[in-house]
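Subject: the structure you asked about

Hi,

Here is the structure, with my notes underneath. Have it open while you read, and shout if anything looks odd.

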Amino acid sequence: MLKSTMTQNVDPNADYLIGPEDLLEIDIFQAEELKRIVRVSSQGYIGMPLVGHIKAKGLTPVQLEGEIAQKLIKYLEEPLVSVYV
C-alpha cells in the first residue's frame, strides 16, 4: 500500500542528488544577507560568502545544508540552513 508524501510530511526532494547546473536557493535563518540563489557549476561546486566553494554534486539537499552549516559555525551561533532545489 502506498501513502502519499503529503500524509507522511516527507520532503519529496529528500533523496534527490544535486547535480551540475541545478539551481539552488540557500536560506540561512536570521542571516538574510547570506540568502542566495546559486547554480551548481559544471564541476559540481557552489560558492557562498564566508564559506567559499563547496562541492554540492552528489549530495542531497539535507546533506548540503549540513555542510554549509558546519562551515558557518565559525561565524554564526547554531546556523539553520535550508537548501531548495
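Let's start at a spot that is easy to find: Met48 stands opposite Gly52 in strand 4. Before going further, please keep in mind that this is a predicted model, so everything below is computed from it.

**The hairpin**

Strand 3 and strand 4 (residues 52-55) pair in the antiparallel sense, with four bridges between them. Three residues lie between the strands of this hairpin, and Leu50 takes a positive phi there, near 70 degrees. Gly52, which belongs to strand 4, is partly exposed, with a relative accessible area of 29%. If you set aside residues up to four places away in sequence, Gly52 touches Ile46 and Gly47. You can also check the spacing between Gly52 and Lys71: they are 19 residues apart along the chain, and their C-alpha atoms are separated by 9.1 Å.

**The overall layout**

Zooming out, the protein chain has two helices and five strands. Reading from the N terminus, the elements go α-β-β-β-β-α-β. Of the 85 residues in the chain, 33% are buried. Among contacts with a separation of 6 or more, 35% come from residues 24 or more positions apart.

**The sheet**

There is an open sheet of three strands in the order 2-1-5, with antiparallel pairing. Strand 2 (36-39) and strand 5 are at the edges and have a single partner strand each, so one side of each is left without a neighbour in the sheet. On average, neighbouring strands here are turned by 25 degrees against each other, ignoring direction. Strand 1 and strand 5 run antiparallel and are joined by four bridges; if you want a landmark, look for Glu25, which stands opposite Tyr84 in strand 5. Helix 2 packs on this sheet, where it touches strand 1 and strand 5, and its direction makes about 145 degrees with that of strand 5.

**The core**

Which residues have the most contacts inside the largest nonpolar core? They are Leu24, Ile26, Ile28, Ile46, Leu64, Ile68 and Val81, in a core of 20 residues. Two or more residues each come from strand 1 (23-28), strand 3 (45-48), helix 2 (61-72) and strand 5 (81-84). Helix 2 gives the most, with four residues. As general background, nonpolar side chains in soluble globular proteins tend to be buried together.

Leu24 is a good residue to click on. Not counting residues up to four places away in sequence, Leu24 touches Ile18, Arg36, Ile37, Val38, Val40, Ile46, Leu64, Val83, Tyr84 and Val85.

**One to look at: Glu65**

Glu65 is found in helix 2. This residue is buried yet has no salt bridge. Where is the nearest side chain of opposite charge? That is Lys35, 13 Å away, and a salt bridge would need the charged atoms within 4 Å. Leaving aside neighbours within four places in sequence, Glu65 is in contact with Val81, Ser82 and Val83.

That's the tour. If you only have a minute, I'd click on Leu24 for its contacts and then on Glu65, buried without a salt bridge.

Cheers

Terms used
Residues numbered from 1 in each chain as written. Predicted model: local features only at pLDDT ≥ 70, side-chain atom pairs only at ≥ 80, totals over all residues. Heavy atoms only, no water. Core = buried A, V, L, I, M, F, W, Y, C linked by side-chain atoms within 4.5 Å. Buried < 20%, exposed > 50% of the residue type's maximum accessible area, 1.4 Å probe, protein only. Contact = heavy atoms within 4.5 Å. Lys, Arg positive; Asp, Glu negative; His and termini not counted. Pairing = 2+ DSSP bridges. Axes fitted to C-alpha atoms, helices over the stretch in contact; angles between N-to-C directions.
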